[in-house]
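Work through these exercises with the structure in view. Try each task before reading its solution.

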Amino acid sequence: MPRAICDRCRRPQRVCLCGLTQPVPHKTPVVVLQDAQERRHPFGTVRLLQLMLSNMTVIPVWEGKPVARPTELPDNTALLMPRPESRPLSEVSLEGVLGALVVLDGTWPHARRIYHEHRWVQSLPCVHLEGVEVTRYGLRKAPAPGWLCTLEAVASALEVLEPESGCKAPLMGALEGMVQLQRSLERGR
Ligand SMILES: [Zn+2]
């Protein structure tokens with residue numbers, strides 16, 4: 001018997017995420033370059049973000065097939081990626097409104113590959129989060145201390161850029177809901 005799949009979140013009905021999500025209004029456009037393999041991962045957190053953030057674009061990237069810079073990307077766009085030359089996001093946000101935030105989604109090797117395959121991504125100024133909390137996303141092994149899943153990174157970045165939008169709490173709530181749902185299923189097996 002084929003498993004019933006939710007039309008909206010594309011998860012099996014018994015682990016449908018729709019009840020966990022609510023629309024979260026925000027101003028800063030978020031552009032996610034997503035490793036094509038990551039797209040199929042059942043516990044990927046970008047799907048939750050997509051169900052909640054109104055101003056987000058996800059661009060799938062296949063290895064060896066770089067995508068062009070989106071034409072609508074404003075000049076003052078930053079890449080959220082810790083690099084030797086990256087600046088704290090809080091510092092950059094004090095200098096003016098950020099046009100858009102680009103995030104690379106995938107495992108760390110995937111993110112690094114996407115970075116190296118895209119000249120336009122390399123040309124973006126890099127920003128990083130400070131005082132990163134311990135990840136609450138326990139479904140996959142964190143590759144390094146201080147690592148955050150994509151949802152946590154975007155939620156924390158929006159909190160720095162536009163605290164008045166109050167995005168972080170509902171996003172983190174949905175993530176915790178997804179983790180609990182999965183844990184309860186595993187216990188029930
Ligand atoms: Zn659903």
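**Exercise 1. Strand 5**

How many of the 6 residues of strand 5 are buried? The model is a predicted one, so work from its coordinates.

Solution.
- Step 1: apply the cut-off. A residue is buried if 20 or more other C-beta atoms lie within 10 Å of its own.
- Step 2: count. In strand 5, 5 of the 6 residues are buried.
- Step 3: conclude. Strand 5 is therefore largely enclosed by the rest of the structure.

**Exercise 2. Partners of strand 5**

Find what runs alongside strand 5, and state the direction of each pairing.

Solution.
- Step 1: take strand 1. It runs parallel to strand 5, and 5 bridges join the two.
- Step 2: pick a pair of residues. Gln34 stands opposite Asp105 in strand 5.
- Step 3: take strand 3. It pairs with strand 5 over 4 bridges, also in the parallel sense.
- Step 4: pick a pair here too. Leu79 faces Val102 of strand 5, standing opposite it.

**Exercise 3. The overall fold**

List the elements in order, then judge the overall dimensions.

Solution.
- Step 1: count elements. The protein has 6 helices and 6 strands.
- Step 2: read them from the N terminus. The order is β-α-β-β-β-α-β-α-α-β-α-α.
- Step 3: box the C-alpha atoms along the principal axes. They fill roughly 50 × 40 × 30 Å.
- Step 4: test for compactness. A compact globule of 189 residues would have a radius of gyration near 16 Å; the protein has 16 Å, so the two agree.
- Step 5: check the contacts with a separation of 6 or more. Residues 24 or more positions apart account for 71% of them.

**Exercise 4. The nonpolar core**

Which residues have the most contacts inside the largest nonpolar core?

Solution.
- Step 1: recall the background. Nonpolar side chains tend to be buried together in soluble globular proteins.
- Step 2: look at the core. It has 41 residues, and Leu80, Val103, Val154 and Ala157 have the most contacts inside it.
- Step 3: trace the suppliers. Among the elements that each give at least two residues are strand 1, strand 3, strand 5, helix 1 and helix 6.
- Step 4: find the top supplier. Helix 5 gives the most, with 8 residues.
- Step 5: zoom in on Val154. Beyond its neighbours within four places in sequence, it is in contact with Val30, Leu49 and Val103.

**Exercise 5. The two sides of helix 6**

Sort residues of helix 6 into buried and exposed, and locate each group.

Solution.
- Step 1: size the helix. Helix 6 spans residues 168-187, 20 residues in all, and reaches 28 Å from first C-alpha to last, close to the 28 Å expected.
- Step 2: name the buried group. Leu171, Ala174, Leu175 and Met178 are buried in helix 6.
- Step 3: place them. They cover an arc of only 100° around the axis, which puts them on the same side of helix 6.
- Step 4: find the cover. Helix 1 and helix 5 are among what covers these buried residues.
- Step 5: turn to the opposite face. Ala169, Gln180, Arg183, Ser184 and Arg187 are exposed there, away from the buried side.

**Exercise 6. Two residues to classify**

Is Ala68 buried or exposed? Then classify Trp120.

Solution.
- Step 1: locate Ala68. It sits in the loop between strand 2 and strand 3.
- Step 2: count. Ala68 has 8 other C-beta atoms within 10 Å, so it is exposed.
- Step 3: locate Trp120. It belongs to helix 4, residues 119-122.
- Step 4: count again. Trp120 has 15 other C-beta atoms within 10 Å, so it is partly exposed.

Methods: Residues are numbered from 1 along each chain as its sequence is written. This is a predicted model: local features need pLDDT of at least 70, side-chain atom pairs count only at pLDDT 80 or more; totals for chains, interfaces and linings use all residues. A residue is buried if 20 or more other C-beta atoms lie within 10 Å of its own, exposed if 12 or fewer, and partly exposed in between; C-beta atoms are placed from the backbone. The radius of gyration is taken over C-alpha atoms; the globule rule is 2.2 Å times the number of residues to the power 0.38. Two residues are in contact if their C-beta atoms, placed from the backbone, lie within 7 Å. The expected span of a helix is 1.5 Å times one less than its number of residues. The arc is that of the directions from the helix axis to the C-beta atoms. A nonpolar core is a set of buried Ala, Val, Leu, Ile, Met, Phe, Trp, Tyr and Cys residues joined through C-beta atoms within 7 Å. Two strands pair if DSSP finds at least two bridges between them.
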